[in-house]
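Got the viewer open? Here's a short tour of a cavity and some aromatic rings, with a selection to make at each stop.

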Amino acid sequence: MAAEDGARSPTRMLAEGHLRVATGGGAPADGGIAVRHLPHHHTAKKEGVGAKSEENNHGDADFSPSQELDKLVNGNNKVPATLDDYRKLVVPVIEEYFSTGDVGLAASELRNLGSDQFHYYFVKKLISMAMDHHDKEKEMASVLLSALYADLLGSFKMSEGFMMLLESTEDLSVDIPDAIDVLAVFVARAVVDEILPPVFLTRGRALLPESSKGVEVLQIAEKSYLSAPHHAELVESKWGGSTYFTVEEAKKRIQNILREYIESGDMDEAFRCIRELGLPFFHHEVVKRAIILGMENPSSQPLILKLLKESTVGCFISSNQVSKGFSRVAESVDDLSLDVPSAKTLFDKLLSAAISEGWIDASFSKSAASDEDMVNASDEKVKRFKEESGHIIQEYFLSDDVPELLRSLEELSAPEYNAIFLKKLITVAMDKKNREKEMASVLLSSLSLELFSTDDIMKGFIMLLQSAEDTALDIVDAPSELALFLARAVIDEVLVPLNLDDISSKLRPNSSGSQTVQMASSLLAARHSGERILRCWGGGTGWAVEDAKDKISKLLEEYNTGGDLGEACQCIRDLGMPFFNHEVVKKALVMAMDKQNEASILALLQECFGEGLITINQMTKGFTRVKEGLDDLVLDIPNAQEKFGAYVELATERGWLLPSFASMP
């Protein structure tokens, strides 16, 4: 089918020497195009992946097999007679592939081994080696398996290799702490790429011991990844974006494709090139850039309209993507007028033609610049707040100074716009690297303790989710990123799980925002979700928070066994996490309930409050957290309710708590 459409699958591109996996941040070597594998129906080829005879391979100046394979091929053409021989020879092939990213070369070397009966081991070894490397190598391994499927690796060998990995999960976990989750992603990716059938998960569970880690891998793959909304995009972007090129690079390629189309008029070639990008969720960019080109060069408008009409009528570009493309141009038409004075007139002409030809709905109207429902876009105060917020957020990402940001935000004196700040913070973070995303989550935790109410945070997320489709126009993986931010907020106790239901009730059913909330719920429902979500952006401060909890427990234990009051205060100060001091309050109160010397623990809280080490906001938050968990505490400390009442009375007398605490349910 792909051949009939004029498209070349990645496997076909291998045969023609066009595919090279990127091995770093730059462009692929030798001018090759690095694309992700698109699920397609695999058909076996007689010539195989290399599409060259062994004789031609030997005569190719670019052919550089590993040293051991070179001896094998150019020596007496022996093939490995045993699995041990195969193991020795296959490792250099994988190492060289990780170094060069050359899929064709890896396929050629594997073919030259001539030991099809052992190829299941190649699957196992490739994945196990990738698991012990970075995300780049994990992505490269998935691309290679997909490219070799049906040509060199049959369905049985592929399944056999994955089963061997599942059987050895316990051993892999010894050297690779997150082996279970990583292997689950590999399984899910193989299903998404159609190189493992979905029924493999059911069969695998039946063949493995019920209590084995291999079964756990399959359960995580099914429940956390394959059952989630937008699961294909989530899985394919798990290791940093499977397209191997950035959004900016994609935009440049689309621009070049359209310019070549205008010059040649070859629509089939344009469709083929767009299809090979493998970015159907980014087709709105094709529409947008095509319209702008038509506005900049009026003589090209007939060709542009023809391309867009054929792509829409033929369902090559969905009507939703076409509408998004037109909407984006409509929103930016004022800016376009600076370069193309008649931009508005030209756009209206193109839109009228599209409506008259019936490939865009007549009810289409320019979407007004989407802004927060709670404010008027023309309000000068809101505009100033957004501008100042942007500066504050950028400074925070540079300095990583939470207290400074809190002071700056307080100086703005605009608590009514807290939700706008949250939306701005997460939107900016989503367009940056994992470091900034982690910093945004840490800051959100601090804001919830110091300045923001739960309502502020919920409103901010609702605004983000209501505009999720628009955000995805510029940030391709916005839905999965937003789901992680939501899940992380629950793990960090910024929100509670019930808040997700409240947020979802404010969204349109089956909308992108509603599906994102479902995705977040799925992530939270998975086993060991807390650890995985805390590490979703590389561990960063997520692990620092866990470490801080351990350190707080230890310092309180040391103080409780006769430690010095001043030393305990210094240890709390040395943590350097003032936004997390509510944890000190919580753990101290629970310890006071459970131990005999509660007077000394309460004296520590008094000292911390008196020095300004623990603020009234942090103190109130700590008391609130204990109050919320009293039902559970009573199970271990029968008189917890009575003791907590006495602590609240003492805290109220000494001014530790905000007046609002008394009215809390």
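Keep in mind as you click around that this is a predicted model.

**Stop 1: the cavity.** Start by selecting H10, which gives 3 residues, the largest share, to the lining of the largest cavity. Now add helix H7 (135-148); H7 and helix H10 (179-192) each supply at least two lining residues. For the full set, show Ser142, Leu145, Phe162, Phe186, Arg189, Ala190, Asp193 and Ile195 as sticks. Colour that lining by type and you get 5 nonpolar, 1 polar and 2 charged residues. The space inside comes to about 40 Å³, and a search of the whole structure turns up 1 cavity of 30 Å³ or more.

**Stop 2: ring pairs.** There are 14 aromatic pairs in the structure. Select Tyr97 and Phe98 for one of them: a tilted pair, 5.9 Å centre to centre with 40 degrees between the planes. Both Tyr97 and Phe98 are buried.

Next, pick Phe385 and Tyr417, another tilted pair, at 5.4 Å centre to centre and 55 degrees between the planes. This one links distant parts of the chain, 32 residues apart: Phe385 is in helix H21 (residues 380-399), while Tyr417 is in the loop between helix H22 (402-412) and helix H23 (418-430). Phe385 counts as buried because its relative accessible area is 5%, and Tyr417 is buried too, at 8%.

**Stop 3: a cluster.** Finish by selecting Phe623, Phe644, Trp656 and Phe661, which form one aromatic cluster. Then add Lys627: it lies over the face of Phe661, 5.0 Å from the ring centre.

Definitions and conventions: Residues are numbered from 1 along each chain as its sequence is written. This is a predicted model: local features need pLDDT of at least 70, side-chain atom pairs count only at pLDDT 80 or more; totals for chains, interfaces and linings use all residues. Side-chain values use heavy atoms; hydrogens and water are left out. On a 1 Å grid over the protein atoms alone, a cavity is a set of points where a 1.4 Å probe fits but cannot get out, and a pocket is an open set with protein on both sides within 12 Å along at least five of seven lines; lining residues have an atom within 4 Å of a point. Grid points are joined across faces, edges and corners, and a volume is the space filled by probe spheres set on the points. Helices (H or I, at least four residues) and strands (E, at least two) are DSSP runs, numbered from the N terminus. Ala, Val, Leu, Ile, Met, Phe, Trp, Tyr, Cys and Pro count as nonpolar, Asp, Glu, Lys and Arg as charged, and the others, Gly among them, as polar. Rings of Phe, Tyr and Trp (its six-membered ring) pair if their centres lie within 6.5 Å; planes under 30 degrees apart count as stacked, over 60 as edge-to-face and the rest as tilted. Buried means under 20% relative accessible area, exposed over 50%, partly exposed in between (1.4 Å probe, protein chains only). A charge sits over a ring if NZ of Lys or CZ of Arg is within 6 Å of the ring centre and within 35 degrees of the ring normal.
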